[in-house]
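User: I would like to understand how terms are assigned in a protein model. Please explain the reasoning behind each one.

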Amino acid sequence: EMLADWANHKYDAGFTVEQLQQTQPQDIYKNLLVLSERWCVGGRLEEYVREKLGTNPTVKKGIDLCAERFDTKLVPDDFEGESGVKIVDCVIRTGMKFLGREMTELERFVLLQIFDSSWKDHLLSMDHLKGSIGLRGFAEQDPKVAYKREGGNLFDDMFAGIREKVTDMIFKVRLTADTRMQSVYQVSTQVHEQLQGYDYLAQEMADQQAAARPEQKVAQITRDIPKVGRNDPCPCGSGKKYKKCCGRE
C-alpha cells in the first residue's frame, strides 16, 4: 500500500495494491524505471507543469502547484521574477528535485555497500578457483583456459547477483524523515552532557581521596658492610685485588 501511494503521488502511475501484489519485484522495478525516464527525460514533467499552470502562469499558481504536487514550499522570491517563462522553469526545477529526492542518496549507499560485499566474495571465489584449477590437467583440460572461462562466469554471476540484491534492498528500505533524525541527534547530545557531569563528579571524588591519603616517607638505604674499592684487597682472603678476584666482571 505504501509503495502504491508513493508511486501514484510521484509518477501519477495509477497503481493499485492488488496489482502490485500480483506483480514480480523485477517487473515493478522495470515499470518504475520506465515511469522515471518518462517524467525526468521524456518531457512528461514539463507537459504536466504547463498543463497545470495554463497559458497565464502566475506566482501564486506556481507556489500552490509546488506545495500540492511536489511537497515543496516556495516563496515569491524563489521565482526570480513574475514572467511566465521564469515561473515555469522554477516549477520544473522543483519537480526535478522532487522526482529524485529519495533515490539519489539511497541508491548510492545501497550500491556501494552491495558492490563492496559482492566484490569481496568474488575475490574469495577466485582464490578458491586458483587453488583448485590445476586439477583440471587430470581431465585433459588446459588450466589457464579453464581459469579464464570460469573466472568470467563468476564475474557475470556477481553482477547478476548485485542487480537482484539492489532491487530487493530498495523495495525493503523505509525512509526516515529529517525531523526524526534531528530528534535523535538532540537526545544523543543530552546524554553526552549527563556523562560529562558524572565524569566531573568522579574526578572530584578522586582528588578528595588523594588529598586525604597520608604521605609515605621513603626510607634511606644503608649498607651493613663497608664498600670495597676496586684496588682494595679482596675480602675473600686470596691476597689479590678486588677487581682481579671477586670483583671481576
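Analyst: The questions that follow concern this predicted model.

User: What makes up the protein chain, in helices and strands?

Analyst: The protein chain has nine helices and zero strands. From the N terminus on, its elements run α-α-α-α-α-α-α-α-α.

User: Why is helix 4 called oblique to helix 5?

Analyst: Helix 4 (residues 44-53) and helix 5 (residues 59-69) pack at an angle of about 125°, and their axes are 10 Å apart. Angles of 65 to 115 degrees count as roughly perpendicular and those over 145 as roughly antiparallel. The angle of about 125° fits neither range, so helix 4 is oblique to helix 5. The crossing of helix 4 past helix 5 is right-handed.

User: Which residues make the contact between helix 4 and helix 5?

Analyst: Helix 4 contributes Tyr 48, Val 49, Lys 52 and Leu 53, while helix 5 contributes Lys 61, Gly 62, Leu 65 and Arg 69. By class, this contact has four nonpolar, one polar and three charged residues.

User: Why does His 122 count as buried?

Analyst: His 122 lies in helix 7 (residues 103-132). Its relative accessibility is 9%, and buried means under 20%. His 122 therefore counts as buried. Leaving aside neighbours within four places in sequence, His 122 is in contact with Gly 151, Leu 154, Phe 155 and Met 158.

User: What percentage of the residues in the protein chain is buried?

Analyst: Of the 249 residues in the protein chain, 21% are buried. The accessible surface of the chain comes to about 19600 Å², and 53% of this surface belongs to carbon and sulfur atoms.

Terms used
Residues numbered from 1 in each chain as written. Predicted model: local features only at pLDDT ≥ 70, side-chain atom pairs only at ≥ 80, totals over all residues. Heavy atoms only, no water. Axes fitted to C-alpha atoms, helices over the stretch in contact; angles between N-to-C directions. Helix = DSSP H or I, 4+ residues; strand = E, 2+ residues; numbered from the N terminus. Parallel < 35°, antiparallel > 145°, perpendicular 65-115°, else oblique. Left-handed = near helix turned anticlockwise from the far one by under 90°. Contact = heavy atoms within 4.5 Å. Nonpolar A, V, L, I, M, F, W, Y, C, P; charged D, E, K, R; others polar. Buried < 20%, exposed > 50% of the residue type's maximum accessible area, 1.4 Å probe, protein only. Areas by Shrake-Rupley, 256 points an atom, 1.4 Å probe, with all protein chains shown as cover.
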